[in-house]
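Work through these exercises with the model open beside you. Try each task before you read its solution.

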Amino acid sequence: MRGLWLLVLMGLLGSVQAQPAGRWQAHTSMRQVTDLALAPSSVWVATGGGVFRYSPEDGSLQRFTAVEGLHQVGVRALAWDARRQTLWIGYGDGVIDRLDPAGGTIRAFFDIARAERFPDRQIFRLRMQGDTLLVATAFGVVVFDPVNGVVRDTYTQFGTFSDMAVYDLTVGPGPDGQPTLWLATAQGVAYAPLSHPNLKDPGAWTMESEGLDGQLPVRSIALHGQTLYVGLERGLAVRQPDGSYELRWEGEAVTDLQPLGDLLLGTAGNRVLRVDATTSVQTLGSDSLGRPLRLATDGETLWIGDGENGLLRAAVPDAGATGLDVLEKILPDGPYVNVFADLAIDPAGNLWATDVATGGTAGFHRMAPDGRWTAFLPAILGGRSAFRPVYADAAGNVWVGSDGNGLVQVAPDSTLIFYDATNSTLEPAAGTSSFIIVRGLGSDPEGRLWVANLTAPHPLHVRLPDGTWQRAPIPSCINSLSTTLGRLLVDEYGQLWIVAVSRGNLRINTGLILYDPGDDPARADDDACRYLSERGGGGQGLPGVAVQALAEDRDGRVWIGTTEGLAYVLNNPFAAADPNTVPVWPLAADRQPGENPFLLSGLSVNDLAVDPANRLWVATDDGVYVVEQAGVDFRIAEHFTQENSPLLSDVVQAVAVDARSGRVFLATAAGLVSYQGDAIAPAEQARPLFVYPNPVRVGPEEDAMVFIEGLVEATELRIVTVDGRLVTSFETRGGRVRWDGRDRYGRPVPSGVYLIVAVGQNGEGTAYGKVAILR
């Protein structure tokens, strides 16, 4: 997708400090290893979060993701090309990358990915054979020319079978002793002599499956001396002279086989297999093994690619070993998982994320401002899991709701407090004894925490600042027999905006509830409530009743994201009672006659967030949109997708903005990334401006990158010459802005010193700065 990119070689991912605008960073987990490749001084590791290189000599690590130019982060296969000193990388969509560490480039090859004749174009294995790269795919074998970067041949017919998945391959002696290509396939073992004039001919291939009934597909294949071993779905078999196969070990899928001297090693389940010269099999375990998938060895060290624990360095097992001696676990710092459900930023700048994993890895996670990750997993949460919403309050507490395990509070000192029916008013879901679902969280201006307790008899609860709990009245505008409460937002007036959820099907959102709890949250007689449950039209009302996201901007608008587009409400203290306060659809500033005039109309919105410049970040299945005001209308300032940016996937599930640093975090279907925006939280009063870089050195016609920090909420910015002539002026929001070094007519300013005058538009005063531009 990205063609030839400049590769930025990075060390182990470290701090997340403020960087120039436009800087992307991937925060992916490299724990789930999928393949290994050995180079003379490095171990290359493919993972679900990209590729990393480990240097045993000095212990250094380098990460490679889509930000550094990879096609994507879900890497399936690797092969080291010793002749060209490059790494070949295969993906699930058929794309192949060539990474040149010395030259600093990555180039993508799309031949397989564009073979639309085959609906499934996954790459399972890459094997170098001289000047040939053999590619095992979901439809057969591709012979790729690594010198010219083209497909040389494709084999898809094997005897009576065609378009058959090939999971592994190897080259070695055939039954007649001649060089032969052996394939591990979905239907058994296929082989053909390399001397055959046309391997596209189905008759060139022999298929074997006798003795493999109930064990297919063949997952791995290796020749050890003259003996062929095949790893099966549930065991390990050896080829007999008559072409049948004899099962030598029965258990889990054998995903890899690696010859080592007199031994053959394999991976299966949570163990390593050792096969001796008599073909007897022994299983070797270790507490460090999670799900070993790949092996590589240089004769002195056994490298294990583990699907749960990263790269493991182990001692080569000797003949008398009864277990595996794992010496070191090697893993770049990062999150425990890649896919997240919700994001939040606390006042200290920590990122909090809930995951969508299951089992022992299902929890929530924290990334500190310096980039260090901490995983809160069921093992330290008393077995609790299935966390979904996460919310950080102004006091530094982080609140994490769950589907079935109540509510967790993480205090500023990291103390964990668990809330359920025994120590709060939270109630189990109807028809259960202890299954407490929390889907909505938010704090009001008085410091009270509001909690939406999905499907409970009393679905709304409030925790007071003194730590006591109260059941709030059921909002009077809904029928609690058919409607329950989901995601919520508390606005600046203390009103609650709550997503309505069908009790009959919790996957269906049915509208939006505006609820004012009044002065006493426990009383119903001072409440106000409106339920918006119908689709609007003509630019008013809800674009769709399935509300999925809510956000309040810095001008008091409450934005509503639905499965059918955006709307906003010009908020006021009486919105919950005033029937004239209705959602309106944003008009596109660049609308044309005859076109739909509404911005992002029909687009399903997954999440919303507002940055310090009052721009709305809209997470969708079509990337992320950045919406800004243009007069009374709105326009799309940016639209980031996988095609035009390092976004890891177009499916963006959650977004959060760190107002202190200006960094925007985007949780995608393939992993977490962040974008260093140019807006940060504003200053409360005018103060001397911080201008950087200073001086600015730039080409004669190039845009400058001048960052001006220390601005107040709304500023009129003027750039003037030292003798007082106006160069340009513009209005800006938030604490930081970028000037491109051009005057009001769009011309590059000449070399010189320029004064910067920032006038607060709400009486905050005037601030000054200066910058030198050298062309």
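The exercises below go from domains to strands and then to empty space.

The model is predicted.

**Exercise 1. Find the domains of the protein chain and the distance between the centres of domain 3 and domain 5.**

Step 1. Read off the assigned bounds. Domain 1 covers 22-156, domain 2 covers 170-251 and domain 3 covers 254-332. Domain 4 covers 342-611, and domain 5 covers 690-773.

Step 2. Take the centres over C-alpha atoms. Those of domain 3 and domain 5 are 61 Å apart.

**Exercise 2. Which residues does the UniProt annotation "domain: PorZ N-terminal beta-propeller" cover, and what are the helix and strand percentages of residues 43-206?**

Step 1. Go to the record. The unreviewed UniProt entry places this annotation on residues 43-206.

Step 2. Check the secondary structure. Residues 43-206 are 0% helix and 53% strand.

Step 3. Compare the ends. The end C-alpha atoms of this span lie 36 Å apart.

**Exercise 3. Lay out the open sheet that contains β11, and name its edge strands.**

Step 1. Order the strands. The sheet has four, in the order β11-β12-β13-β14, and the pairing is antiparallel.

Step 2. Look for strands that pair on one side only. These are β11 (123-129) and β14 (150-155), the edge strands.

Step 3. Add the twist. On average, neighbouring strands in this sheet are turned by 25° against each other, direction ignored.

Step 4. Zoom in on one pair. Strand β12 (residues 132-137) pairs with strand β13 (residues 141-145) over four bridges. Within this pair, V135 stands opposite V142.

**Exercise 4. Describe the hairpin of β25 and β26, and say which residue takes a positive phi.**

Step 1. Set the strands. β25 spans residues 254-260 and β26 spans residues 263-268. They pair in the antiparallel sense over six bridges.

Step 2. Find a facing pair. L257 stands opposite G266 in β26.

Step 3. Inspect the turn. Two residues lie between the strands, and G261 takes a positive phi near 60°.

**Exercise 5. How many cavities of 30 Å³ or more does the structure hold, and what lines the largest cavity?**

Step 1. Count. There are three cavities of 30 Å³ or more.

Step 2. Take the largest. Its volume is about 60 Å³. Its lining includes D553, R557, W559, E628 and F634.

Step 3. Trace the lining to elements. β50 (557-562) and β54 each give two or more residues. β54 gives the most, with three.

Step 4. Sort by type. The lining has four nonpolar, two polar and three charged residues.

Step 5. Repeat for the second largest cavity. About 40 Å³ is its volume. Strand β65 (residues 752-760) supplies the largest share of its lining, three residues. Seven of the lining residues are nonpolar, four are polar and one is charged.

**Exercise 6. Which residues lie closest to the centre of the second largest pocket, and how does its lining divide?**

Step 1. Note the volume. The second largest pocket holds about 840 Å³ of space.

Step 2. Pick out the central residues. Of the 29 that line this pocket, A613, R615, E628, D678 and T732 are closest to its centre.

Step 3. List the elements. Those giving two or more residues to the lining include β54 (623-630), β55 (633-640) and β63 (726-733).

Step 4. Divide the lining. Eleven residues are nonpolar, eight are polar and ten are charged.

Step 5. Link back to Exercise 5. E628 lines the largest cavity, and E628 is also among the residues closest to the centre of the second largest pocket.

How values were computed
Residues numbered from 1 in each chain as written. Predicted model: local features only at pLDDT ≥ 70, side-chain atom pairs only at ≥ 80, totals over all residues. Heavy atoms only, no water. 1 Å grid on protein atoms, 1.4 Å probe; cavity = no way out; pocket = protein on both sides within 12 Å on 5 of 7 lines; lining within 4 Å. Points joined across faces, edges and corners; volume = space filled by probe spheres on them. Nonpolar A, V, L, I, M, F, W, Y, C, P; charged D, E, K, R; others polar. Pairing = 2+ DSSP bridges. Axes fitted to C-alpha atoms, helices over the stretch in contact; angles between N-to-C directions. Domains from an automatic or database assignment. UniProt positions renumbered as here; feature names shortened; annotations may be inferred.
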